[in-house]
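Good morning, and thank you for making time for this. Please have the sequence and the structure open while I speak.

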Amino acid sequence: MDRPATDISLWTGSPPITDGRLQDFVADPIACMRKLHREHGDIAALRESEQQLVFIFSPELNHQVLSDSKLFHSRFFALRGPKKSALRRLTSGLLTMNGDEHKQQRRLVAAPFEKRTIGVYHDTISSLTDEMLDAWQPGTTLDLAQEMTVLMRRITSSILFGADQMEIALEIGEMLDPWVEVNHHLSLGAFLPTEDFMPRYEELLALAERLESRILDLIRFRREAGKLGSDLLSQLIRGHDQTGVSNEQLVGHVAVLFGAAHMTSALTLGWTLFLLAQHPDVMRSLFRELLAGAYDEPLAAFDSGKGLLLDRVLRESMRVLPASSYSQRSNAVPMELGPLSLPRNTVIIFSQFMTQHRPDLFPNPETFDPDRWLSITPSPYEYLPFGAGPRLCLGAPLALMTMKSILPRILRRYRLSVAAGAEITGRVVSTMLNPIGGLPMEVARQDGRFAASPVWGNIHTLIDLPEAAHERRAAA
Ligand code: HEM
């Protein structure tokens with residue numbers, strides 16, 4: 001099995017550089033990072049011709065890079081498009097801002113995300129979840145990854161843009177997925193010398209035009225007299241009107257918020273339900289808590305839910321299969337980072353997956369063990385599913401509240417088991433850990449008869465599953 005080294009300080013003097021193919025990272029980020037970590041320890045560079053990617057794997061280096069947003073800039077969107085283009089405006093949200101501008105805009109965007117504000121979305125989340133559950137049929141198999149994506153797109157549309165504009169909001173949500181995908185594909189092309197990525201640039205510009213035009217429609221609608229509501233866009237408009245921010249500037253914030261919110265939450269929900277289905281003992285304990293009424297008062301549970309098993313389940317799920325598996329920065333000036341000399345604008349990759357799978361921080365790191373959280377308190381740079389430092393995810397409280405509302409609702413009504421013999425493959429695409437090929441789950445009325453199913457696929461290289469969850473065919 002391809003696992004990171006236990007000894008994390010292998011660097012002994014020669015530069016920790018591997019000459020290889022950058023394409024290897026694009027093709028399978030986790031396998032590539034594990035290999036670099038094994039070869040070099042906490043910091044490594046992958047170099048091809050004049051291009052290099054630098055990787056950091058330790059909490060200390062995470063701290064150094066993530067806590068200093070003046071020196072280490074976000075490079076989420078490597079391609080910004082021509083000045084005055086729709087693409088330029090769409091990529092001008094928080095994720096591209098740095099330094100003082102980032103600090104100031106983040107304060108504006110943060111207001112609607114405060115813990116005391118987000119409770120107003122609870123009813124919307126509950127009713128949209130119930131609509132999905134009403135359509136599920138016991139005795140059928142569904143793709144849980146797809147179900148969670150559609151659910152989160154609907155919830156995000158409603159929270160961000162208001163239920164009265166659901167149709168256009170959903171349209172925006174659907175347009176965002178290919179836009180994010182092409183964007184990421186091209187941004188990797190910017191440092192890959194061999195691939196012919198540019199034909200998709202025209203496609204990206206055209207997608208951006210259509211996307212921006214629909215977002216502007218929504219902003220204009222909300223700005224009409226009497227149309228402001230409690231949705232996030234309305235709150236942003238109220239806040240921004242006091243500071244004179246234009247519709248075009250709002251476009252960037254809206255695009256980032258929508259993209260950041262729905263994909264990560266959908267992936268986390270899908271992986272969590274998969275892990276629960278494959279760990280019947282944990283599922284049984286959670287079900288007992290559910291029957292005992294621990295989740296009947298959801299809003300109380302969000303704040304004080306730290307002692308509840310669901311809280312530990314989510315922490316552990318986001319540790320072992322983090323939706324956001326890596327992210328990037330670039331250095332604003334030439335500098336030394338550990339043993340490496342970095343020219344300005346070097347791509348520096350930090351990885352939630354790699355740090356959170358370190359055996360020195362999390363013993364038996366590939367085991368899904370929610371109860372480990374009864375005795376550990378990792379630092380923000382050891383456990384960072386929502387990032388860390390000045391760019392810490394703004395939506396974390398909302399995401400946790402959403403997931404803690406949805407999961408008990410699903411588990412009260414249905415028992416989900418992974419379709420026996422399914423191939424489960426986790427691959428990082430656009431920085432996010434996706435179940436490629438979906439998560440096929442059998443739906444039954446909830447009867448508490450939990451059992452793991454044998455599955456195969458690369459999931460067994462990412463985590464350890466109980467014996468019953470191994471496909472015999474694959475093991476033979
Ligand atoms: C389980 C769900 C989520 C996960 C795992 C997640 C993860 C992350 C991570 C890792 C970052 C930092 C990226 C970096 O440092 O490069 C981030 C930033 C961000 N997230 Fe989330 N996120 C989630 C949900 C949400 C939601 C629901 C929203 C908003 C509705 C949101 C809005 C943002 C924003 C605006 C940023 C940028 C903050 C900044 O640059 O100052 N996220 N998220």
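S49 is exposed, because its relative accessibility is 62% and the threshold for that class is over 50%. In this predicted model, S49 sits in the loop that links β2, residues 43-48, to β3, residues 51-56. Its backbone deserves a look: phi of S49 is near 50°, a positive value in a residue other than glycine.

N364 may be presented alongside it. Phi of N364 is likewise near 50°, again a positive value in a residue that is not glycine. N364 belongs to the loop between α16 and α17, and with a relative accessibility of 58% it counts as exposed.

That loop brings me to the ligand. C393 lies in the loop between α16, residues 352-356, and α17, residues 396-413. Which protein atom serves as donor to the iron atom of the ligand? The single donor from the protein is the SG atom of C393, at 2.3 Å.

Around the ligand there are 26 residues, and the closest are H102, R106, S327, R329 and C393. Three side chains place an N or O atom at a short list of distances from ligand oxygen atoms. For H102 the distance is 2.6 Å. For S327 the distance is 2.6 Å. For R329 the distance is 2.8 Å. The elements contributing two or more residues to this shell are α5, residues 99-110, together with α12, β6, residues 327-331, and α17. The largest share comes from α12, which supplies 6 residues. By residue class, the shell divides into 14 nonpolar, 9 polar and 3 charged residues.

I turn next to the nonpolar interior. The largest nonpolar core holds 131 residues, and those with the most contacts inside it are W136, M148, W179, F274 and I459. Helix α12, residues 247-278, provides the largest share of this core, 17 residues. Helix α12 therefore appears twice in this talk, and I would ask you to keep it highlighted in your viewers.

Within that core, W136 is a useful residue to centre on. Leaving out residues up to four places away in sequence, W136 touches L142, L144, E147, M148, I410, Y414, L416 and V443. A second core, separate from this one, has 17 residues, including V54, M335, Y381 and L384.

My next residue is R415, in strand β10, residues 414-418. Is R415 buried or exposed? R415 is buried, because its relative accessible area is 16%, and buried means under 20%. What does the side chain of R415 pair with through a polar contact of 2.5 Å? The partner is the side chain of D447. In addition, the side chain of R415 reaches the backbone oxygen of R449 at 3.4 Å. Apart from residues up to four places away in sequence, R415 touches E442, V443, A444, R445, Q446, D447, R449 and F450.

T96 is another buried residue, with a relative accessibility of 17%. T96 is found in the loop between α4, residues 86-90, and α5. Setting aside neighbours within four places in sequence, T96 is in contact with F77, R80, T91 and R391. As for distance across the model, T96 and E297 are 201 residues apart in sequence, and their C-alpha atoms are 39 Å apart in space.

A111 offers another pair to inspect. A111 lies in the loop between α5 and α6, residues 115-118. A111 is partly exposed, with a relative accessible area of 38%. Along the chain, A111 and L394 are 283 residues apart, while their C-alpha atoms are separated by 9.6 Å.

I will finish with E336, in strand β7, residues 335-337. E336 is exposed, since its relative accessible area is 54%. The side chain of E336 makes a polar contact of 3.1 Å with the side chain of S341. E336 and A388 are 52 residues apart in sequence, with 22 Å between their C-alpha atoms.

To close, I would leave one site on the screen: the iron atom of the ligand, with C393 as its single donor from the protein. Thank you.

Methods
Residues are numbered from 1 along each chain as its sequence is written. This is a predicted model: local features need pLDDT of at least 70, side-chain atom pairs count only at pLDDT 80 or more; totals for chains, interfaces and linings use all residues. Side-chain values use heavy atoms; hydrogens and water are left out. A nonpolar core is a set of buried Ala, Val, Leu, Ile, Met, Phe, Trp, Tyr and Cys residues joined through side-chain atoms within 4.5 Å. Buried means under 20% relative accessible area, exposed over 50%, partly exposed in between (1.4 Å probe, protein chains only). Helices (H or I, at least four residues) and strands (E, at least two) are DSSP runs, numbered from the N terminus. Contact means heavy atoms within 4.5 Å. Donors are N, O and S atoms within 2.8 Å of the metal (3.2 Å for Na, K and Ca); water is not among the atoms, so sites may look incomplete. A residue is near a molecule or strand if one of its heavy atoms lies within 4 Å of it. A polar contact is a pair of N or O atoms within 3.5 Å; within protein, one must be able to donate a hydrogen and the other to accept it, and residues adjacent in sequence count only if both atoms are side-chain atoms. Ala, Val, Leu, Ile, Met, Phe, Trp, Tyr, Cys and Pro count as nonpolar, Asp, Glu, Lys and Arg as charged, and the others, Gly among them, as polar.
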